[in-house]
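Me: I would like to go through this entry with you. Could we look at it together and take the topics one at a time?
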Amino acid sequence: MPYKFTFDLSKVPRFFFTEIAVIGYHSGMHKTFLNTLQEIISKFRIQEATGLNLSDAVVVLQDLIELQAVNLMERGKFLETKKRALFLPHCARKFMDNRCRANFDPSIPSYTCAHCSPDCLVNKADSLAKKKGYDVYILPGGSCVPKILKTTHYEGVVGVACGEEVKLSKEILAGMDVAGQAIPLIKNGCANTIFNMETLTKTL
Ligand code: SF4
Ligand code: SF4
């Protein structure tokens, strides 16, 4: 399920994400969590940069922090895995129409990138992950995750998606004893979405 609102954090300074990571690390210890979030929203002028109202900005930040905390908890287990997959969202393709030359195989179900555009984020992520030995899937939705994991067993999975989709997939992975690492979209909206390649590179 997508968020009921759109956001774009791609222009927010990188330091914002460092701060989110630090809070994620200490999230269990924060007594004044909501105050901290509101301070960050004000400090990085998130509402001005994204047009979000305060409560939606809090939802986005809470999800980012929660996700960061889970990534840290799972990191040790993930690093021990050998057979891994990368799940990419179809919404991050450069084109959502037939200019995207990817082939969709409903039996998997996944797109296979045809590498038509060097500046396509999905293309870059696909090439990087394959070089590192990952199988790569480009998914039309989170419901494809259990289907793929039932037919091909992976020990570790890196998933790129918006916060809401990540939450659903996290539960699926936990039920299947697969170690997961999540990369959040920093611009959502179900088309022309953006994730951070540097974060993906570090995570892989
Ligand atoms: S590079 Fe791949 S995913 Fe991106 S638009 Fe082309 S075929 Fe589609
Ligand atoms: S933003 Fe992308 S990952 Fe999130 S629900 Fe929409 S299509 Fe799925």
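Me: Where does ligand 1 sit with respect to the cavities?
Reply: The space taken by ligand 1 is the largest cavity. Please keep in mind that this is a predicted model.

Me: How many residues surround ligand 1, and which are the closest?
Reply: Ligand 1 is surrounded by 13 residues. The closest are C100, A102, C113, C116 and C120.

Me: What is the make-up of that shell by class?
Reply: Eight residues of the shell around ligand 1 are nonpolar, three are polar and two are charged.

Me: Turning to the rings, how many aromatic pairs does the structure hold?
Reply: There are five aromatic pairs in the structure. One of them is formed by F104 and Y111, with 4.8 Å centre to centre and 55° between the planes, a tilted arrangement.

Me: Are F104 and Y111 buried or exposed?
Reply: F104 has a relative accessible area of 33%, so it is partly exposed. Y111 counts as buried because its relative accessibility is 18%, under the 20% cut-off.

Me: And what is the geometry between Y137 and Y154?
Reply: The rings of Y137 and Y154 form an edge-to-face pair, at 6.1 Å centre to centre and 75° between the planes.

Me: Which parts of the chain does that pair tie together?
Reply: Y137 belongs to strand 4 (residues 135-139), while Y154 is in the loop between helix 6 (144-151) and strand 5 (156-161), so the pair ties together parts that are 17 residues apart in sequence. Both Y137 and Y154 are buried.

Me: Which residues form an aromatic cluster?
Reply: F16, F17 and F44 form one aromatic cluster.

Me: Which ring does the charged end of R93 sit over?
Reply: The charged end of R93 sits over the ring of Y111, 4.4 Å from its centre. Y111 is also the partner of F104 in the tilted pair. In addition, R84 places its charged end over the ring of F78, 4.2 Å from the ring centre.

Me: On to the backbone. Which residues does a cis peptide bond join?
Reply: I108 and P109 are joined by a cis peptide bond, with omega at about -10°. P109 is in the loop between strand 2 (103-105) and strand 3 (110-112). For context, most peptide bonds are trans.

Me: What is the phi of R45, and where does R45 lie?
Reply: R45 is not a glycine, yet its phi is positive, about 50°. R45 lies in the loop between helix 2 (33-43) and helix 3 (46-50).

Me: And what about D177: what is its phi, and where is it found?
Reply: D177 is likewise not a glycine and has a positive phi of about 55°. It is found in the loop between helix 7 (163-175) and strand 6 (179-184). D177 is exposed because its relative accessible area is 55%, over the 50% cut-off.

Me: Back to I46 in helix 3. Is I46 buried or exposed?
Reply: I46 counts as buried, because its relative accessibility is 1%. In sequence, I46 and P184 are 138 residues apart, and their C-alpha atoms are 17 Å apart in space.

Me: One last contact: what separates the C-alpha atoms of G141 and P89?
Reply: The C-alpha atoms of G141 and P89 are separated by 7.1 Å, and the two residues are 52 residues apart along the chain. G141 is in the loop between strand 4 and helix 6. With 22% relative accessibility, G141 counts as partly exposed.

Definitions and conventions: Residues are numbered from 1 along each chain as its sequence is written. Chains are lettered from A and ligands numbered from 1 in the order in which they are written. This is a predicted model: local features need pLDDT of at least 70, side-chain atom pairs count only at pLDDT 80 or more; totals for chains, interfaces and linings use all residues. Side-chain values use heavy atoms; hydrogens and water are left out. A residue is near a molecule or strand if one of its heavy atoms lies within 4 Å of it. On a 1 Å grid over the protein atoms alone, a cavity is a set of points where a 1.4 Å probe fits but cannot get out, and a pocket is an open set with protein on both sides within 12 Å along at least five of seven lines; lining residues have an atom within 4 Å of a point. A molecule sits in a cavity or pocket if more than half of its atoms lie within 2 Å of its grid points. Ala, Val, Leu, Ile, Met, Phe, Trp, Tyr, Cys and Pro count as nonpolar, Asp, Glu, Lys and Arg as charged, and the others, Gly among them, as polar. Rings of Phe, Tyr and Trp (its six-membered ring) pair if their centres lie within 6.5 Å; planes under 30 degrees apart count as stacked, over 60 as edge-to-face and the rest as tilted. Buried means under 20% relative accessible area, exposed over 50%, partly exposed in between (1.4 Å probe, protein chains only). Helices (H or I, at least four residues) and strands (E, at least two) are DSSP runs, numbered from the N terminus. A charge sits over a ring if NZ of Lys or CZ of Arg is within 6 Å of the ring centre and within 35 degrees of the ring normal.
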